[in-house]
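Me: Please show the sequence and the structure, so that the sheet and the ligand site can be discussed in turn.
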Amino acid sequence: MKHFKDLGLAETVLKAVEAEGYTSPTPIQAQVIPAMLDGRDVLGTAQTGTGKTASFVLPLLNRLADDHQRPAAKTCGTLILAPTRELAAQIADSVRAYGKYGRQSVAVVVGGVKPGPQIKAMARGVDILVATPGRLMDHMQGGAIRLDQTTTVILDEADQMLDLGFMPAIRKIMSKVPAKRQTALLSATMPKPIRALANDFLSNPVEVAVETVAKPIELIDQSVILVDRSSKRRILTETLSSNDVERAIVFTRTKRGADKVQRFLADAGLSAAAIHGNKSQSQRERAIKAFK
Ligand code: AMP
């Protein structure tokens, strides 16, 4: 089994990895970290749960540990694009956790919150910028950030960004980054438009594909209950009221459905919150915090 110290990572990065309690790199980390440290482009097929975030964050921090030059005002050295606000915030949390013995700066740029603090965070330049494509475009157009000094780009969950209609924005953003750069694209699936994106923006990439580490079937008892529409509420309330259930996530087909379920669960005395795209960012954050 490989060890993190065999991968050529800097001392400050290794110390943070150890502090996280990781003993050995996951398969994607064992393949992506050396490739990125070599300066290669990477095309990775990997889902959440494989350790993909650390596979690109650790080499980024490594580079900053080796050679830290302050970025110029309104520029970023590394750009990480992610499909959702939550994922962007999670990636930034990982940068902070794995970078706790380093001196890198990180900023998050996402929609649904006021732009002012984001503009301020980018004003003096930032080492690692984590962004969703729409809001980043707004800031580029407003002159708050330019990408002409960016040397590394990570496209995380590229297939999700495709599904959310971000492909035109991503192509516009990529056209503003110098051609001489390192690019990594990670995606759970590789449909044709993602392949095309990789062909256009990656240069001779190392290709890495990993299976999900845990197949749900091994960890989760699954069952199906066939019910009439009229008894759904009662059965859901009973199921969730059982002593075996400490915390639960209920998925609904629509946003309105989520609100309805939240209301009837609350009426039944269960503490519940709904989260979906029509909720404000602060509502979403509050719901996730309460759930945690
Ligand atoms: P990700 O696939 O990036 O969403 O990561 C999934 C989870 O695995 C996160 O909670 C990480 O903290 C954790 N993780 C990442 N790398 C390792 C590792 N080498 N050993 C143990 N856990 C890890």
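Reply: Two strands pair if DSSP finds at least two bridges between them; strands (E, at least two residues) are DSSP runs numbered from the N terminus. The model is predicted, so local features need pLDDT of at least 70 and side-chain atom pairs pLDDT 80 or more, whereas totals for chains, interfaces and linings use all residues. Residues are numbered from 1 along each chain as its sequence is written, and side-chain values use heavy atoms, with hydrogens and water left out.

Me: Which residue in β6 stands opposite G44?
Reply: Strand β1 (residues 42-45) runs parallel to strand β6 (residues 182-187), and 4 bridges join them. The residue in β6 opposite G44 is L186.

Me: Which are the edge strands of the sheet?
Reply: The open sheet has 7 strands with parallel pairing, in the order β3-β4-β2-β5-β6-β1-β7. Each edge strand pairs on one side only, and these are β3 (106-109) and β7 (206-209).

Me: Which residue has a side-chain N or O atom 2.7 Å from a nitrogen atom of the ligand?
Reply: Polar contacts are pairs of N or O atoms within 3.5 Å. Backbone N or O atoms lie 3.0 Å from a ligand oxygen atom in T50 and 2.8 Å from a ligand oxygen atom in G51. The side-chain partner of the ligand nitrogen, at 2.7 Å, is Q29.

Me: How many residues around the ligand come under each class?
Reply: Near residues have a heavy atom within 4 Å; among the 13 around the ligand, Y22, Q29, G49, G51 and T53 come nearest. Gly counts as polar here. The shell has 4 nonpolar, 8 polar and 1 charged residues.

How values were computed
A polar contact is a pair of N or O atoms within 3.5 Å; within protein, one must be able to donate a hydrogen and the other to accept it, and residues adjacent in sequence count only if both atoms are side-chain atoms.
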